[in-house]
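Trainee: I am new to this structure and would like a close look at a single part of it. Could you take me through the largest pocket and what surrounds it?

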Amino acid sequence: LNDALSGPFAALLRAAVAGSDGHARFLNLLSLLEHIGSRKIMLSQMKGVLTQDILKHLAEETRHAFFFKREAEKLAGRTIDGYAPDDTLAAASGRLYFGRLDAGLTRGLAGEAGYLWVSLIVELRALWVYRLYQQALDAAGLKLSLRGVIAEEDRHLEEMIARLDALGFDADARLAPALALEQTLFRALLTALQAQAAPEPNPA
């Protein structure tokens with residue numbers, strides 16, 4: 001499903017890691033998306049039972065948001081408070097992607113099943129993004145390593161699958177339309193990223 005996206009996204013990553021300012025803004029976007037994910041976990045489970053597994057997932061997503069924020073600030077050489085548009089690549093589009101995905105995937109679902117299902121689809125995209133990003137970092141000779149984040153996201157995916165299975169959730173029946181929705185929304189986000197990452201035209 002992602003074959004047609006791999007080339008354009010890899011090109012975007014090469015452009016992003018080529019300069020410290022654009023790279024910092026991209027890292028801050030990743031921090032924003034991880035922060036939104038952690039917040040949605042908290043909000044979706046406020047009326048449920050916060051198990052140790054859910055708290056661990058929440059803590060790790062929050063730590064990922066911190067990790068990307070810290071790396072963004074290192075590259076920028078300054079403190080980056082929040083996720084202002086000037087500091088975050090396609091911030092509004094990132095929020096729109098996550099909001100529409102959450103709304104589309106949880107329609108008709110409640111409680112733990114909705115949280116798990118959204119998390120599973122998000123983890124699939126996150127792993128795809130982070131693996132390509134690590135390739136771009138390695139190719140550019142940059143020291144930043146995402147391997148710890150990737151390992152945790154991979155484990156999250158396994159946990160979501162196992163928990164949905166234990167709930168009797170028919171993931172196979174829902175997977176194709178869920179992935180189609182996510183890909184449509186990610187394409188829109190990628191278009192926004194490409195537009196903002198493109199160099200400004202020379203007035204001359």
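**The largest pocket and its surroundings**

Mentor: In this predicted model, the largest pocket holds about 530 Å³ of space. Its lining is made up of 34 residues, and those that lie nearest the centre of the pocket are Leu33, Gly37, Phe98, Val122 and Glu123. Two or more lining residues come from each of the elements H2, H3, H4, H5 and H7, and H5 gives the largest share of the lining, with 11 residues.

Glutamate 123, one of the residues nearest the pocket's centre, belongs to helix H5, which covers residues 111-139. Glutamate 123 is buried and yet forms no salt bridge, for the nearest side chain of opposite charge, that of arginine 155, is 9.4 Å away. When neighbours within four places in sequence are left aside, the residues in contact with glutamate 123 are His57, Glu61, Glu153, His156 and Leu157.

Helix H5 also leads us to the largest nonpolar core, which has 61 residues and in which Phe9, Trp117, Tyr130, Tyr133 and Leu146 have the most contacts. The elements that give this core two or more residues are helix H1 (3-17), helix H2 (20-44), helix H3 (52-76), helix H4 (91-106), H5, helix H6 (147-166) and helix H7 (171-197), and the largest share, 17 residues, is that of H5. As for phenylalanine 9, if residues up to four places away in sequence are not counted, this side of the picture is completed by its contacts with Phe26, Trp128, Val129, Leu132, Phe186 and Leu190.

Technical notes:
Residues numbered from 1 in each chain as written. Predicted model: local features only at pLDDT ≥ 70, side-chain atom pairs only at ≥ 80, totals over all residues. Heavy atoms only, no water. Helix = DSSP H or I, 4+ residues; strand = E, 2+ residues; numbered from the N terminus. Buried < 20%, exposed > 50% of the residue type's maximum accessible area, 1.4 Å probe, protein only. Lys, Arg positive; Asp, Glu negative; His and termini not counted. Salt bridge = Lys/Arg side-chain N within 4 Å of Asp/Glu carboxyl O. Contact = heavy atoms within 4.5 Å. Core = buried A, V, L, I, M, F, W, Y, C linked by side-chain atoms within 4.5 Å. 1 Å grid on protein atoms, 1.4 Å probe; cavity = no way out; pocket = protein on both sides within 12 Å on 5 of 7 lines; lining within 4 Å. Points joined across faces, edges and corners; volume = space filled by probe spheres on them.
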